[in-house]
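Visitor: Please take one part of this model and go through it closely. I would like to know where it sits, what surrounds it and how it relates to the rest of the chain.

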Amino acid sequence: MESDDEIKRLERALEDKNCSVEKHSSVMEITFTRKEDADWFETIFEDYQRESAVSCLMSMRPSGANARHKFVFNVKDMDKFIELIEIGKNK
């Protein structure tokens with residue numbers, strides 16, 4: 001299980017994205033309130049899988065003005081995932 005410090009690092013890496021981060025026993029959950037942030041995350045998620053940082057994405061992308069875009073996935077390597085998030089912010 002990821003430490004509180006790693007979760008805080010992930011939250012800092014995502015601070016410019018309007019989202020919440022939750023760590024459950026075996027999966028990570030990130031929920032975006034803005035569609036454009038969710039689109040960004042979904043677009044670069046394939047890179048995270050190729051780099052073996054994450055796996056098994058399940059997305060919930062409802063429509064509507066107040067939709068919350070949720071992604072649930074397994075994190076294999078938290079350090080690599082945070083690194084890829086930071087790289088992905090520049091794309």
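**A helix, the loop after it and the next strand**

Guide: T43 has its place in helix α2, where helices are DSSP runs of H or I with at least four residues, strands are runs of E with at least two, and both are numbered from the N terminus. The model is a predicted one, in which local features need pLDDT of at least 70, side-chain atom pairs count only at pLDDT 80 or more, and totals for chains, interfaces and linings use all residues. Residues are numbered from 1 along each chain as its sequence is written, and side-chain values use heavy atoms, with hydrogens and water left out.

T43 has a relative accessible area of 60%, so it is exposed; buried stands for under 20%, exposed for over 50% and partly exposed for what lies in between, with a 1.4 Å probe and protein chains only. From T43 to H24, 19 residues away in sequence, the C-alpha distance is 23 Å.

The loop that joins α2 (35-50) to β3 (54-60) contains S52. Its relative accessible area of 42% makes S52 partly exposed. The backbone is of interest here, as S52 is a residue other than glycine with a positive phi, near 60 degrees. Most residues other than glycine have a negative phi.

Strand β3 follows, and S55 belongs to it. At a relative accessible area of 14%, S55 is buried. Leaving aside residues up to four places away in sequence, S55 touches Q49, F73, N74 and K76; a contact means heavy atoms within 4.5 Å. S55 and V72 have C-alpha atoms 9.6 Å apart, with their positions 17 residues apart in sequence.

C56 is in strand β3 too. Unlike a buried residue, C56 is exposed, because its relative accessible area is 53%. Phi of C56 is positive, about 60 degrees, although C56 is not a glycine. The residues that C56 touches, again not counting those up to four places away in sequence, are Q49, V72, F73 and N74. The C-alpha atoms of C56 and V72 are separated by 8.0 Å, and the two residues are 16 apart along the chain.

For the setting, the chain has three helices and four strands, in the order α-β-β-α-β-β-α from the N terminus on. Its radius of gyration is 12 Å, close to the 12 Å of the globule rule for 91 residues, so the chain is as compact as a globular protein of that length; the radius is taken over C-alpha atoms, and the rule is 2.2 Å times the number of residues to the power 0.38. Along the principal axes, the C-alpha atoms fill a box of roughly 35 × 30 × 25 Å. Of the 91 residues, 40% are buried. Among contacts between residues at least 6 apart in sequence, 50% join residues at least 24 apart.

Elsewhere, helix α1 (residues 4-13) packs with helix α3 (residues 78-88) at an angle of about 10 degrees, the axes being 9 Å apart. Axes are lines fitted to C-alpha atoms, for helices over the stretch in contact, and angles run from 0 to 180 degrees between N-to-C directions. That makes α1 roughly parallel to α3, a label for angles under 35 degrees, with over 145 roughly antiparallel, 65 to 115 roughly perpendicular and the rest oblique. On α1 the contact is made by E6, I7, R9, L10 and A13, and on α3 by M78, D79, F81, I82, I85 and E86.
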